[in-house]
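Work through these short exercises with the model open beside you. Try each task before you read its solution.

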Amino acid sequence: MVKRSSALQRSSGGRLGRILGAAVALGAAPGAAWAVIDGPAFERFMQASRPVCAEQPARACVALAWSFADRDGDRALSLAELAAVRTELESWALRHRDRLTAPERSGLALGLLLVDSLGLERLHALYDQDADGLISRNELLADVRLDERPLPETLLDPAAVDRPAIARRLGVPPALLERLAP
Ligand SMILES: [Ca+2]
Ligand SMILES: [Ca+2]
């Protein structure tokens, strides 16, 4: 039995926080086979990252997620790496569907819908500001200011997350993000 993420539950103030928290916590299995859905490795990552993301400063959680997503270890995210994470997230969500709360399910569904409607390639390009074909950590976090708080808490703070900038970047109405994270 896999316990639900306390980090996600404790941050129940906003859907965006849950989506982003789940996305970031989507874990990691360093060395997982390229673009292969490695269920057990993914589960291990979720268990390992849960306490870190719930209790430790956001950077620790981001570092764990980054080490999972950056499969080839070049300190940047390629489109293929992003695609692998998206596939594994969906697979994980489907496996755990019955254990997720209704808000977690709808948050994940909404997040995947947003990603798919933008298109992974476009999403990748929107964050790859210097157009070198890779997303650096600074590019990924361009609109977010991490601090000593755990990530789910930070993501719910409008002072730490530049929601208007994210809305501009994604080309979605700012009101949409406000609704996701009241
Ligand atoms: Ca990489
Ligand atoms: Ca780049």
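**Exercise 1: the two sides of a helix**

Ala-102, Leu-113, Asp-116 and Ser-117 are exposed, on the other side of α6 from its buried residues. This is a predicted model, in which local features need pLDDT of at least 70, side-chain atom pairs count only at pLDDT 80 or more, and totals for chains, interfaces and linings use all residues. Residues are numbered from 1 along each chain as its sequence is written, and chains are lettered from A and ligands numbered from 1 in the order in which they are written.

Task: find which residues in α6 are buried.

Solution.
- Step 1. Fix the terms. A residue is buried if 20 or more other C-beta atoms lie within 10 Å of its own, exposed if 12 or fewer, and partly exposed in between; C-beta atoms are placed from the backbone. Helices (H or I, at least four residues) are DSSP runs, numbered from the N terminus.
- Step 2. Locate the helix. α6 covers residues 102-118, 17 residues in all. From first C-alpha to last, α6 reaches 24 Å, close to the 24 Å expected at 1.5 Å a residue (1.5 Å times one less than the number of residues).
- Step 3. Read off the buried set: Glu-104, Gly-107, Leu-108 and Gly-111.
- Step 4. Look down the axis. The buried residues of α6 fall within an arc of 95°, so they line one face of the helix. The arc is that of the directions from the helix axis to the C-beta atoms.
- Step 5. Recall the rule. An α-helix has 3.6 residues a turn, so residues three or four places apart point the same way.

**Exercise 2: a pair of helices**

Task: state how the axes of α3 and α4 cross.

Solution.
- Step 1. Take α3 (residues 39-55) and α4 (residues 58-69). Their axes come within 8 Å and cross at roughly 160°. Axes are lines fitted to C-alpha atoms, for helices over the stretch in contact, and angles run from 0 to 180 degrees between N-to-C directions.
- Step 2. Classify the angle. α3 is therefore roughly antiparallel to α4 (over 145 degrees).
- Step 3. List the partners. Phe-45, Ser-49, Val-52 and Cys-53 in α3 meet Ala-60, Cys-61, Leu-64, Ala-65 and Phe-68 in α4 (C-beta atoms, placed from the backbone, within 7 Å).

**Exercise 3: an unusual phi**

Task: is Arg-75 buried or exposed?

Solution.
- Step 1. Arg-75 lies in the loop between α4 and α5 (79-95).
- Step 2. Its phi is near 65°, a positive value in a residue other than glycine.
- Step 3. Arg-75 counts as exposed because it has 10 C-beta neighbours inside 10 Å.

Notes. Helices (H or I, at least four residues) and strands (E, at least two) are DSSP runs, numbered from the N terminus. Angles under 35 degrees count as roughly parallel, over 145 as roughly antiparallel, 65 to 115 as roughly perpendicular and the rest as oblique. Two residues are in contact if their C-beta atoms, placed from the backbone, lie within 7 Å.
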